[in-house]
Amino acid sequence: MRVRNFLHILAVSAALAGYSAWVSSRGEKESSVSAQADNFPGTDIPLLNVAEAEALWRKSSTLFIDVRSYPDYEFGHIQGAINLPEEEFDTRFAALKPQLEQAEAIVVYCKNADCGKSYWRALDLRKRGFKQVRIYPHGWYEWCEYKLPITGQRS
């Protein structure tokens, strides 16, 4: 392995570890139902708590994107969410672009705060011009914990 590749992997790993630690510590300090969203550090991408995510889910103009693997998505997902795992993003983006452009809010989620995939996907969407992106960092596990609407084998 080349040194450059190793350093790149190390940097990404450190960023994901920092994200996970920050979200976890934030969750311990604050109630999950606070009234307003914080932003992910260094960005203007809002981080949603469960109440905010549910309120957006109730709006038909919101699009939820599940970035977990297809088998995880099939097992269960937030009702109405579309599956867009990282390995399929580039090939499926063109087909999904009109749907993304029409959404008033795009909520990206993963399994929980330990999964940084939602952060990376939200950054990618923001770079592509989607300013309405939000991250639901506690994702699938918290949604199930609150017994909110789901679809799949688990439902």
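These are my notebook entries on a predicted model.

**Entry 1: the disulfide**

I looked for disulfides and found one in the structure. It joins Cys 110 to Cys 115, with 2.1 Å from S to S. I then checked the handedness of the link between Cys 110 and Cys 115. It is right-handed, with 55° about the S-S bond.

Are these cysteines buried or exposed? Cys 110 has 2% relative accessibility, so I noted it as buried. Cys 115 has 8%, and it counts as buried too. I also looked up Cys 144. At 13% relative accessibility, Cys 144 is buried because the cut-off is under 20%.

**Entry 2: the cores**

Next I turned to the nonpolar residues. In soluble globular proteins, nonpolar side chains tend to be buried together. The largest nonpolar core here has 24 residues. Which of them touch the most other members? I wrote down Ile 65, Leu 100, Ile 106, Leu 125, Phe 130 and Val 133.

I asked which elements give two or more residues to this core. Two are helices: helix 4 (89-102) and helix 5 (117-127). The others are strand 3 (62-66), strand 6 (105-109) and strand 7 (133-136).

I picked Ile 65 for a closer look. I left aside its neighbours within four places in sequence. Ile 65 is then in contact with Ile 82, Leu 84, Leu 100, Ile 106, Val 107, Val 108, Tyr 109 and Leu 125.

Apart from the largest core lies another one, of 17 residues. Among its members I found Trp 57, Tyr 109, Trp 143 and Cys 144.

**Entry 3: aromatic pairs**

I searched for ring pairs and got seven. How are the rings of Trp 57 and Trp 143 arranged? Their centres are 6.0 Å apart and their planes stand at 65°. The pair counts as edge-to-face because that angle is over 60 degrees.

I checked where the two partners sit in the chain. Trp 57 belongs to helix 2 (residues 50-57), and Trp 143 to helix 6 (residues 139-145). They are 86 residues apart, so this pair links distant parts of the chain. Both Trp 57 and Trp 143 are buried.

Trp 143 has a further partner in Tyr 136. This pair is also edge-to-face, at 6.1 Å centre to centre and 75° between the planes. I noted Tyr 136 as buried. Then I traced the cluster. Ring pairs link Trp 57, Phe 64, Tyr 109, Tyr 136 and Trp 143.

**Entry 4: charges over rings**

I looked for charges placed over aromatic rings. Arg 121 has its charged end over the ring of Phe 89, 3.9 Å from the centre. Arg 128 lies over the face of Phe 93, 4.4 Å from the ring centre.

**Entry 5: salt bridges**

How many salt bridges does the whole structure hold? My search found seven.

Arg 58 meets Glu 54 at 2.7 Å, N to O. Arg 58 is exposed, with a relative accessible area of 58%. Glu 54 is partly exposed, at 22%.

Arg 92 meets Glu 88 at 3.1 Å, N to O. I noted Arg 92 as partly exposed, at 27%. Glu 88 is partly exposed as well, at 28%.

Arg 128 came up again, this time with Asp 124. Their closest N and O atoms are 3.2 Å apart, in a salt bridge. Arg 128 is partly exposed, with a relative accessible area of 35%. I finished with the network: salt bridges link Asp 90, Arg 121, Asp 124 and Arg 128.

Notes
Residues numbered from 1 in each chain as written. Predicted model: local features only at pLDDT ≥ 70, side-chain atom pairs only at ≥ 80, totals over all residues. Heavy atoms only, no water. Disulfide = S-S within 2.5 Å. Buried < 20%, exposed > 50% of the residue type's maximum accessible area, 1.4 Å probe, protein only. Core = buried A, V, L, I, M, F, W, Y, C linked by side-chain atoms within 4.5 Å. Helix = DSSP H or I, 4+ residues; strand = E, 2+ residues; numbered from the N terminus. Contact = heavy atoms within 4.5 Å. Phe/Tyr/Trp six-rings, centres within 6.5 Å; stacked < 30°, edge-to-face > 60°. Lys NZ or Arg CZ within 6 Å of the ring centre and 35° of its normal. Salt bridge = Lys/Arg side-chain N within 4 Å of Asp/Glu carboxyl O.
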